[in-house]
Amino acid sequence: MTFTLSPPIRYAALLGLLAALLIGGGMTVLGHGESSVATTPHVIKHHPFGPGVKKATVAPKKHSTNAAKAKARPSVPVAPKAPVQPSFVTAALAAGLPNAIAIALGRHQTVVVSLYNPYSEVDGIAFAEARAGAKNAGVGFVPLNVLSEAQVGKLTQMLGLLPDPGLLVYIRPGTLVARISGFADKETVAQAAQNAARGT
């Protein structure tokens with residue numbers, strides 16, 4: 001027994017078979033695409049944890065009653081205290097010496113005072129020698145400009161006309177023990193300062 005299909009039924013069967021193949025193939029392609037996407041591993045970033053990780057600690061806010069009281073009370077400005085002057089400085093000031101010499105006598109038993117004119121070259125050399133001599137003797141050193149009334153006014157009232165270059169050596173509490181007019185080298189200055197310190 002033979003089974004034959006008419007041509008229209010054959011065409012319909014072929015079209016159905018072709019449609020089934022196309023739909024099946026499309027589903028297969030889509031399935032592979034989804035599986036490839038699904039197989040990509042997702043990286044999830046977690047906050048690190050464990051015993052080696054430092055934990056951030058937030059200190060709780062403390063409401064201090066003292067802070068509240070301080071805010072409630074108005075602040076009263078404290079008057080600055082005047083610096084306490086050593087007794088040697090006070091004694092030197094009482095003797096009528098300029099502030100610079102008095103402060104130096106507060107720090108040193110003996111002080112070399114160099115009198116100089118800033119416009120004189122010889123005075124510049126004498127000034128350098130006086131400073132070196134005072135350093136060698138280990139005593140205080142005070143330079144005074146003879147053209148400055150603020151620096152030498154008190155000394156001029158006490159001693160009269162001051163030489164430039166010139167040298168004065170003071171010991172505590174404010175006693176003038178040596179006076180040199182003119183140029184003196186560092187050895188002379190150091191010797192004068194050491195003699196004054198020894199009281200000779």
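**Exercise 1.** In which helix is Ala 126 found? Establish also whether Ala 126 is buried or exposed, and which residues Ala 126 touches beyond those up to four places away in sequence.

*Solution.* The model is a predicted one, and the steps below are to be read with that in mind.
- Step 1: Ala 126 lies in helix H5, which covers residues 121-137.
- Step 2: the relative accessible area of Ala 126 is 7%, and because buried means under 20%, Ala 126 counts as buried.
- Step 3: once residues up to four places away in sequence are set aside, Ala 126 touches Pro 165 and Phe 183.
- Step 4: Pro 165 is 39 residues from Ala 126 in sequence, yet the C-alpha atoms of the two are 6.5 Å apart in space.

**Exercise 2.** Describe the largest nonpolar core, naming the residues that touch the most other members and the elements that give two or more residues to this core.

*Solution.*
- Step 1: the core has 18 residues, of which Ile 101, Val 113, Leu 144, Leu 155 and Tyr 170 touch the most other members.
- Step 2: two or more residues each are given to this core by the helices H3 (87-94), H4 (99-107) and H6 (149-159), and by the strands S1 (110-116), S2 (140-145) and S3 (166-171); the largest share, four residues, is that of H4.
- Step 3: apart from neighbours within four places in sequence, Leu 144 has contacts that include Ile 101, Val 113 and Leu 155, and Ser 114, Leu 115, Tyr 116, Gln 151 and Val 152 are also in contact with Leu 144.
- Step 4: a second, separate core holds 13 residues, among them Ala 130, Ala 134, Ala 184 and Val 189.

As a general background, nonpolar side chains in soluble globular proteins tend to be buried together.

**Exercise 3.** Which residues make the nonpolar surface patch of about 330 Å², and is Leu 15 buried or exposed?

*Solution.*
- Step 1: the patch is made by Leu 15, Leu 18 and Leu 22, and Leu 15 is found in helix H1, residues 7-39.
- Step 2: Leu 15 has a relative accessibility of 57%, and since exposed means over 50%, Leu 15 counts as exposed.
- Step 3: for the protein as a whole, about 14,700 Å² is exposed, with carbon and sulfur atoms supplying 63% of this area, while buried residues make up 25% of the 200 residues.

**Exercise 4.** How many helices and strands does the protein have, and what pattern does the protein follow along the sequence?

*Solution.*
- Step 1: there are seven helices and four strands.
- Step 2: read along the sequence, their pattern is α-α-α-α-β-α-β-α-β-β-α.
- Step 3: among contacts with a separation of 6 or more, 62% join residues 24 or more positions apart.

Methods:
Residues numbered from 1 in each chain as written. Predicted model: local features only at pLDDT ≥ 70, side-chain atom pairs only at ≥ 80, totals over all residues. Heavy atoms only, no water. Buried < 20%, exposed > 50% of the residue type's maximum accessible area, 1.4 Å probe, protein only. Contact = heavy atoms within 4.5 Å. Areas by Shrake-Rupley, 256 points an atom, 1.4 Å probe, with all protein chains shown as cover. Patch = residues over 30% accessible without salt bridge, like charges linked within 9 Å, V, L, I, M, F, W, Y side chains within 5 Å. Salt bridge = Lys/Arg side-chain N within 4 Å of Asp/Glu carboxyl O. Core = buried A, V, L, I, M, F, W, Y, C linked by side-chain atoms within 4.5 Å.
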